[in-house]
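Reader: Please take one part of this structure and look at it closely, residue by residue, before widening the view to what lies around it and elsewhere in the chain. I would like a connected account rather than a list.

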Amino acid sequence: MKTRYISSDTATLYIGAKYKIQLLWGDRIKVDENDTKDGRVKCKGRGKTGYISKDDYGEESLLEIYIIDVGQGDGVLVKCPDPNKSTLGKHLLIDGGYMRTKQPTKKNAADFVDWKFHREYGLDKITIDDMIVSHCDADHYGGLWDLVNKEPEVRREIDCNEVEVKNFYHAGVAWWRMEKGGRRGLGIEENKRLKSILTNKASIINNLDTSVYPQIQGEYHDFLETFVNSQPNANINFIGYESGTTENVYLPSYELGNSDVVIEVLGPLYHKENGKIEMNDLGSHSKNTNGNSNVIALKYKSFKILLTGDLNDKSQKLLMEQHPPFKFASDVTKACHHGSHHVSFKFLQQVNAAATVISSGDNEKHAHPRANLLTMSALSGYRVDGDDTIISPLIYSTEIARSVRIGIPKSGKINLPADNDPSNDTEIENIKDLRITYERADAGDLNPETKTKKLDRLTLVDGIIYGLINIRTDGNRILFAVRNEKGNGWETSVLHSRFDTIT
């Protein structure tokens, strides 16, 4: 079977007399042109086998960007175009959401990546060429932890047998405990600088020892320790941008002139004192971990996307002092900090995005995305008018794209002998007589709350449509797609890049 790619915005894969699914522009498929049916060609795509029109596929591989619905948190998978039209392109994974055990949906980026490699590609091994944890907060690294964790209770959720990460990058700031019994913090903080900065693999390994102080603290320690032990051959390094310099900084192997996909590193900003890296102290622990996030601008031909971690208004202002406005200007941006209101309008104006994508979750205390962020994203966006309509700017949200099917309990049966034989089921005459005890947790909560209610006081979630946001581009034309709420189809929009050249 030959490797091909969907060339239409959507294409129908006919699987049976009554069942069909829609594939998206750029989806990688396998076709057997010797096997035809009703004028269609045999095809395998998204883990399903059926028949597809010859007019719906070609040989062009696209840049694919997935803003993964991880609930509260971030998770972004980038698949670069296949260089040989038959092999996989490089994969870049940025953040992963909370660990499954802290996600109300029990899903994070690890599950989507596993689906991508196992079901869509048909592989038993996940290969991540480059992994970035944008900063040291749990709603960003937890899903990466689940992906590389080899503990049986975690691995059983992953269908692939092996996970390899070739390169791992981080933002330097970490959680520390400086002395026995001391509070956790960000290490040494002096003269408005953070001085306890992780850099390469040796820097991390030397501070994992829990018998000496200072030491990397808490779950971030455990995540880094798991990563080092499970990925012994991975390169590990800090990435950032030195304040006061003017040189372009690129992610290794994504340099201008050496790669079709170019990734420029714009932050976090750092200083060098006596050869050691120091970061800006932005005023509080949360402002420091968020504001010192990795910031990267990914470019493919004339397409640009800006990925911003959890930047806040103070760090955005420092970035604007360092970089000229064109460094931020982008077709697409991932909104900072899940749609937080701590954002600089001037920064958003420099980004001037035609589309803003917000990664946020239900049932979390921060009320993301905030109303003023939505307003500022619209007012600062790149405007294209249609015929009595607006083509751009567009605003997408994983939280809005997600939906659930709700049912109302009406009757019930219980299998008292517990032998799974339906003939032994006992009818519950009144569902008001049945009390259900369950656990409920907000995103990130360590301890779920136990609740008990009568069945007739509960609603039933019959299924979840995850709010994954697909972005596909050939370097000029940009397709956005989210699942519609009924059937196996997609809701799509198309924009075009306004950038002529990549600089």
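Author: Met 376 makes a good starting point: with a relative accessibility of 14% it counts as buried, because the limit for that word is a value under 20%. The model is a predicted one, and what follows should be read with that in mind. Met 376 belongs to helix H9, which spans residues 371–380. If neighbours within four places in sequence are left aside, Met 376 is in contact with Val 343, Phe 345 and Leu 348. A further link to this part of the chain is given by Gln 349, whose C-alpha atom is separated from that of Met 376 by 8.7 Å although their positions lie 27 residues apart along the chain.

Met 376 is one of the buried residues of H9, which are Leu 373, Met 376, Ser 377 and Ser 380. These residues lie on the same side of H9, because they cover an arc of only 100 degrees around the axis. Ala 371 and Leu 379, by contrast, are exposed on the other side of H9. As for what covers the buried residues of H9, this includes helix H8, strand E26 (355–358) and strand E29 (394–397).

Two residues outside H9 help to show how this surrounding is built. The first to consider is Thr 356, which has its place in strand E26 and is buried, with a relative accessible area of 6%. Neighbours within four places in sequence set aside, Thr 356 is in contact with Ser 377, and also with Thr 333, Ala 335, Leu 394, Ile 395 and Tyr 396. Ser 377 is itself among the buried residues of H9, and the contact with Thr 356 therefore ties one of these residues to strand E26.

The other residue is Ser 340, found in the loop that runs between strand E25 (332–334) and helix H8 (345–351). Ser 340 counts as buried, its relative accessibility being 4%. Its side chain reaches the backbone nitrogen of His 342 at 3.0 Å. Beyond the residues up to four places away in sequence, Ser 340 touches His 368, Arg 370 and Leu 373, and Leu 373 is again listed among the buried residues of H9.

From here the view can be widened to other parts of the chain. Strand E20 (residues 261–267) is largely enclosed by the rest of the structure, because seven of its seven residues are buried. E20 runs antiparallel to strand E23 (residues 295–300), and six bridges join the two; across this pairing, Val 261 stands opposite Tyr 300 in E23.

An open sheet of nine strands, with mixed pairing, has the order E18-E12-E11-E10-E9-E8-E36-E37-E38. Its edges are strand E18 (235–238) and strand E38 (490–496), each of which pairs on one side only, and neighbouring strands of the sheet are turned by 20 degrees against each other on average, direction ignored. Within this order, strand E10 (residues 91–94) and strand E11 (residues 125–133) run parallel and are joined by three bridges, with Ile 94 standing opposite Ile 132 in E11. Helix H2 (residues 138–148) lies across E10, E11 and strand E12 (162–170), and runs at about 150 degrees to E11. Helix H5 (residues 218–230) also packs on the sheet, where it touches E11, E12 and E18, its direction making about 125 degrees with that of E12.

Several of these elements also contribute to the largest nonpolar core, which has 50 residues; those that touch the most other members are Ile 126, Ile 128, Met 131, Leu 147, Tyr 220 and Leu 224. At least two residues of this core come from each of helix H1 (109–120), E11, H2, E12, H5, E18 and strand E22 (276–280). Apart from neighbours within four places in sequence, the contacts of Ile 126 include Val 113, Phe 117, Leu 147 and Ile 158. A second core, separate from this one, has 35 residues, including Cys 80, Tyr 169, Ile 469 and Phe 480.

Helix H1 also holds Ala 110, which counts as buried at 1% relative accessibility. With neighbours within four places in sequence left aside, Ala 110 is in contact with Leu 147 and Ile 158, as well as with Arg 100, Gly 143 and Asp 146. Ala 110 and Val 70 are 40 residues apart in sequence, and their C-alpha atoms are 9.5 Å apart in space.

How values were computed:
Residues numbered from 1 in each chain as written. Predicted model: local features only at pLDDT ≥ 70, side-chain atom pairs only at ≥ 80, totals over all residues. Heavy atoms only, no water. Pairing = 2+ DSSP bridges. Helix = DSSP H or I, 4+ residues; strand = E, 2+ residues; numbered from the N terminus. Axes fitted to C-alpha atoms, helices over the stretch in contact; angles between N-to-C directions. Contact = heavy atoms within 4.5 Å. Buried < 20%, exposed > 50% of the residue type's maximum accessible area, 1.4 Å probe, protein only. Polar contact = N/O pair within 3.5 Å; in protein donor to acceptor, adjacent residues only side chain to side chain. Arc of directions from axis to C-beta. Core = buried A, V, L, I, M, F, W, Y, C linked by side-chain atoms within 4.5 Å.
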